[in-house]
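Here is a short tour of a sheet and the helices around it. Have the structure open as you read.

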Amino acid sequence: MQRRNFIKKAGLVLLAPSLLSACRTDDVSGAGKTVIVVGAGISGLAAAKKLKGKGFDVVVLEAQDRVGGRLRSNRSLGIPFDEGASWIHGIDNNPITDLAQKAGMSTFFTDDSDIVAYDQGGILITGASFSNSENAFYDILETLMTHGNATKSFETVFFEQYPQYANDRLWRFFLSTYVTFDLGDLDKVSSLLYDEGEEFGGIETISTNGYDTIPQYLATGLDIRLNQRVSKVDYSSAKVQVSHNSEISEADFVIVSVPLGVLKKNAIQFQPALPGAKQTAIDKVGMGCANKFLLTWDTAFWDNKQYLVYTPEIKDKFNYFVNVKKFHPSVNALMTFAYADYGRQTETMTDAQVMGEIMAHLRDMYGNNIPDPTNLLRTKWSTNENAFGAYSFTAVGTEMRHFEDLAASINDQLFFAGEHTEVDYFSTAHGAYLSGLREAQKIIDLL
Ligand SMILES: Cc1cc2nc3c(=O)[nH]c(=O)nc-3n(C[C@H](O)[C@H](O)[C@H](O)COP(=O)(O)OP(=O)(O)OC[C@H]3O[C@@H](n4cnc5c(N)ncnc54)[C@H](O)[C@@H]3O)c2cc1C
């Protein structure tokens with residue numbers, strides 16, 4: 001569903017400074033200079049490709065056995081299940097739109113208005129009732145920050161101002177899907193900064209042949225060493241030394257593009273320790289949890305709508321379904337989600353337990369006679385050692401300068417990319433991509 005469309009109402013589409021600088025044509029050559037990029041997600045690959053294009057000698061060290069990071073497509077059921085990013089959020093001027101065309105990523109317009117909503121007991125929520133509440137909700141989102149407080153979460157301020165919605169299941173659905181999914185845990189998102197970040201205009205499109213086509217395209221021709229887990233980055237001498245597996249490699253410049261969750265876990269030791277401002281930013285910016293679930297059936301029993309909404313008792317629990325059949329007509333599949341605490345809880349559940357909980361919602365919507373699914377695919381982002389979370393968010397205590405601190409380079413040697421370093425477009429694939437171009441440009445500018 002549309003991310004941050006309440007902000008979009010302002011009609012302001014910014015061209016990020018990083019994008020502007022990425023467009024400059026510099027007549028420089030990096031020949032003879034070496035770069036190690038840690039992490040082969042879209043940010044690291046974008047940086048590596050740009051630097052290689054400028055003649056730098058670039059090596060990418062990636063912990064996993066494949067490139068792409070959070071752009072990861074599981075094709076084991078015959079259609080791609082995008083475990084991380086699925087959508088291009090706003091196709092106008094979005095750099096992913098152009099990249100998708102070059103990479104051969106096909107897309108489908110997911111129409112947000114093609115929606116049906118059910119309350120408990122399978123009671124249909126009328127279109128008018130749904131849209132009236134949705135509009136009222138967006139109006140509140142536009143003004144809630146005027147009541148915001150640096151020490152209070154979105155949840156606290158929202159229910160202080162609007163206690164009448166505390167037990168309203170439809171409003172809890174909006175809070176979950178439009179705030180928690182997009183912006184982070186409701187009880188942790190900043191009541192002041194929840195609407196920070198920009199977005200591109202235009203429709204939302206979903207990848208139909210797998211988002212990983214983009215990292216695969218970017219990776220072409222690069223020197224990428226897979227299964228190389230970096231454990232230490234020593235930038236105390238003229239060359240930066242990087243420990244990975246049992247080796248040490250060195251380079252003139254190192255770009256660290258691992259997720260914020262990995263930095264929070266101190267999975268990489270920095271020598272000397274990172275500056276205080278960067279460490280504070282690592283601690284303060286939030287890392288949320290969003291898990292995705294793909295289920296298939298022999299026959300489809302659901303409405304021929306793009307989105308099927310359900311208003312459960314437990315917040316953030318399997319409360320909407322993407323009708324995958326709309327863009328893969330030969331497959332009977334639904335994709336659903338679990339966020340925040342409930343999302344983390346699913347990671348301790350068995351497949352059978354997860355299926356049981358999802359089916360309980362679908363049976364409440366469509367009756368007890370619907371069949372059991374034939375397959376389930378799922379993610380466990382918060383315990384995934386290569387990410388430790390889904391994407392960054394403005395937690396209580398975050399200040400926007402923290403994103404800049406996350407991006408700040410050290411000694412013109414050590415650079416940082418990744419979605420969490422992009423102040424305007426954090427938490428997205430396009431933000432990650434732009435951050436890689438930005439860091440490559442910083443290195444090019446040093447020549
Ligand atoms: C569930 C979910 C849904 C999303 N939906 C969307 C969406 O629809 N649209 C959108 O625009 N964005 C979406 N996003 C966000 C988007 O996927 C990310 O912002 C983006 O892919 C992050 O790219 P990155 O390069 O910053 O990090 P990553 O892709 O995480 O790349 C970092 C790389 O570093 C590697 N690494 C980690 N530790 C080490 C180590 N010690 N040594 C070496 N390598 C290491 C990792 O394996 C990984 O390959 C979603 C993300 C998730 C999780």
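Two strands count as paired if DSSP finds at least two bridges between them. Keep that in mind for this predicted model, where strand S2 (residues 57-61) and S10 pair in the parallel sense over three bridges. Within this pair, Val-59 stands opposite Asp-223 of S10.

Let's widen the view to the sheet these strands belong to. It is an open sheet of five strands, ordered S10-S2-S1-S14-S23 with parallel pairing. Strand S10 (223-225) and strand S23 (414-416) are the edge strands; each has a single partner, so one side of each has no neighbour in the sheet. From one strand to the next, the twist averages 20 degrees.

Now for the helices. Helix H3 (residues 42-53) packs on the sheet, where it touches strand S1 (34-38), S2 and strand S14 (253-256). H14, in turn, lies across S1, S14 and S23. The angles involving these helices are listed here:

| Pair | Angle |
|---|---|
| H3 and S2 | about 165 degrees |
| H14 and S23 | about 155 degrees |
| H4 and H14 | about 85 degrees |

The last row brings in a helix-helix contact. Helix H4 (residues 95-103) and helix H14 (residues 429-445) pack with their axes 9 Å apart. Angles of 65 to 115 degrees count as roughly perpendicular, and H4 and H14 are therefore roughly perpendicular to each other. On the H4 side, Pro-95, Ile-96 and Leu-99 make the contact, while H14 contributes Ala-429, His-430, Tyr-433 and Leu-434. By class, the contact of H4 with H14 has six nonpolar residues, one polar residue and no charged ones.

Definitions and conventions. Residues numbered from 1 in each chain as written. Predicted model: local features only at pLDDT ≥ 70, side-chain atom pairs only at ≥ 80, totals over all residues. Axes fitted to C-alpha atoms, helices over the stretch in contact; angles between N-to-C directions. Helix = DSSP H or I, 4+ residues; strand = E, 2+ residues; numbered from the N terminus. Parallel < 35°, antiparallel > 145°, perpendicular 65-115°, else oblique. Contact = placed C-beta atoms within 7 Å. Nonpolar A, V, L, I, M, F, W, Y, C, P; charged D, E, K, R; others polar.
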